[in-house]
Amino acid sequence: MRLRNVRGSREAIAANEFVVQEPESHKGKWNLFFGNNNPIHIEIGMGKGKFICQLAQENPNINYIGIEKYSSVLIRAIDKRKELEIDNLCFIRFDAEYINDIFAEEEIARIYLNFSDPWPKDRHAKRRLTSKEFFERYNRMLRRDGEVVFKTDNRLLFDFSLEEVAIAGWKLKNHTYDLHHSEYALGNVMTEYEEKFSSMGNPIHRLVAFR
Ligand code: SAM
């Protein structure tokens with residue numbers, strides 16, 4: 001993703017009510033943070049936040065945490081969040097490589113990965129959010145009945161991800177190479193990237209993995 005620096009975004013995020021500062025301090029206690037025992041779903045690499053904002057509005061009994069590495073992108077999600085009168089959605093500016101520093105064992109019920117960066121060079125494979133290294137991280141924080149839901153239009157990344165699911169010892173609940181023309185299309189919430197790429201005619205691939 002090419003990033004345009006948004007001047008002042010880092011400072012704005014540091015003082016924003018929807019962004020959790022020092023997320024490590026909530027490890028193992030996110031339900032206290034939300035003030036209820038509802039399941040927690042997270043999106044890693046949420047970008048400008050359309051997907052998670054819509055899910056949070058539609059599902060008040062689920063707590064949502066959107067994670068994004070870059071302030072310049074997160075600031076766009078905050079703009080959307082400000083419009084919503086809901087209390088089940090917060091954001092974290094954080095590199096998912098260290099995600100086990102912020103979530104304890106069995107703390108998360110579902111992880112969404114949408115149009116994750118492909119890192120096309122083999123030597124960068126470990127950085128892909130669907131690499132076996134990341135599934136090992138997810139293993140340490142997902143509930144027993146938890147799942148990872150991954151969407152992309154990138155066929156190479158999708159095929160890589162299917163392989164990594166198996167290598168990591170996870171299982172596939174379902175998968176499709178053409179989500180929008182599949183039995184799973186109903187209720188699908190589109191991300192910014194999904195809107196862009198599907199409007200160009202690209203089929204959207206999706207897998208749901210569990211342990
Ligand atoms: N999910 C959004 C969508 O579908 O419209 C954005 C997709 S964009 C290609 C990928 C996003 O993931 C970028 O905003 C990027 O900054 C973020 N990202 C990539 N690696 C990350 C990491 N290790 N931790 C957190 N966010 C990450």
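Tyr193 counts as buried in this predicted model, because 21 C-beta neighbours lie inside 10 Å of its own C-beta atom and the threshold for a buried residue is 20 or more. The residue sits in helix H7, and, once its neighbours within four places in sequence are left aside, Tyr193 is in contact with Gly47, Asn114 and Phe115.

Thr191 belongs to the loop between S6 and helix H7, the helix that covers residues 192–199. Thr191 is buried as well, because 24 other C-beta atoms lie within 10 Å. Its contacts, again without the neighbours within four places in sequence, are Gly47, Lys50, Phe51, Asn114 and Phe115. Gly47, Asn114 and Phe115 also appear among the contacts of Tyr193.

Both residues carry an annotation in the database record. The UniProt annotation "binding site", which comes from an unreviewed entry, covers Lys121, Asp153, Thr191, Glu192, Tyr193 and Glu194. These annotated positions are spread over 74 residues of sequence, and they are also spread in space, with up to 25.1 Å between C-alpha atoms.

Phe115, which is in contact with Thr191 and with Tyr193, is placed in the loop between S4 and helix H5 (132–139). Phe115 counts as buried, because it has 22 C-beta neighbours inside 10 Å. Its backbone deserves a look too, since phi of Phe115 is near 50°, a positive value in a residue other than glycine. Glu22 likewise has a positive phi, of about 45°, although it is not a glycine. Glu22 is found in the loop between helix H1 (9–14) and helix H2 (30–34), and it counts as exposed because it has 8 C-beta neighbours inside 10 Å, where the limit for an exposed residue is 12 or fewer.

From these single residues we can step back to the sheet. Seven strands form an open sheet in the order S3-S2-S1-S4-S5-S7-S6, and the pairing is mixed. At the edges are strand S3 (89–93) and strand S6 (171–176), each of which pairs on one side only, and from one strand to the next the twist averages 15°. Strands of a sheet pair through backbone hydrogen bonds, in either a parallel or an antiparallel manner. In the case of strand S1 (residues 40–44) and strand S2 (residues 63–68), the two run parallel and are joined by five bridges, with His41 standing opposite Tyr64 in S2. Helix H3 (residues 50–58) packs on the sheet, where it touches S1, S2, S3 and strand S4 (108–114), and the direction of H3 makes about 175° with that of S2.

Between S1 and H3 runs a loop that holds Gly49. Which residues does Gly49 contact, leaving aside its neighbours within four places in sequence? They are Gly66, Arg76, Ala77, Lys80 and Arg81. Gly49 is buried, because 26 other C-beta atoms lie within 10 Å. Although Gly49 and Asn37 are 12 residues apart in sequence, their C-alpha atoms are 24 Å apart in space.

The chain is divided into domain 1 (8–16 + 31–94) and domain 2 (102–117 + 128–211), and the C-alpha centres of the two domains lie 19 Å apart. Their contact takes 15 residues from domain 1 and 15 residues from domain 2. On the side of domain 1 that touches domain 2, the elements that give two or more residues are S1 and H3, and the largest share of that side, five residues, comes from S1.

Taken as a whole, the chain has seven helices and seven strands, and along the sequence these follow the pattern α-α-β-α-β-α-β-β-α-β-α-β-α-β. Among contacts between residues at least 6 apart in sequence, 77% join residues at least 24 apart. Of the 211 residues of the chain, 38% count as buried. Along its principal axes the C-alpha trace spans about 40 × 35 × 35 Å. The radius of gyration of the chain is 16 Å, which agrees with a compact globule, because such a globule with 211 residues would have a radius of gyration near 17 Å.

Key: Residues are numbered from 1 along each chain as its sequence is written. This is a predicted model: local features need pLDDT of at least 70, side-chain atom pairs count only at pLDDT 80 or more; totals for chains, interfaces and linings use all residues. Two strands pair if DSSP finds at least two bridges between them. Helices (H or I, at least four residues) and strands (E, at least two) are DSSP runs, numbered from the N terminus. Axes are lines fitted to C-alpha atoms, for helices over the stretch in contact, and angles run from 0 to 180 degrees between N-to-C directions. Two residues are in contact if their C-beta atoms, placed from the backbone, lie within 7 Å. UniProt positions are given in the numbering used here, feature names are shortened, and annotations may be inferred rather than shown by experiment. The radius of gyration is taken over C-alpha atoms; the globule rule is 2.2 Å times the number of residues to the power 0.38. Domain bounds come from an automatic or database domain assignment.
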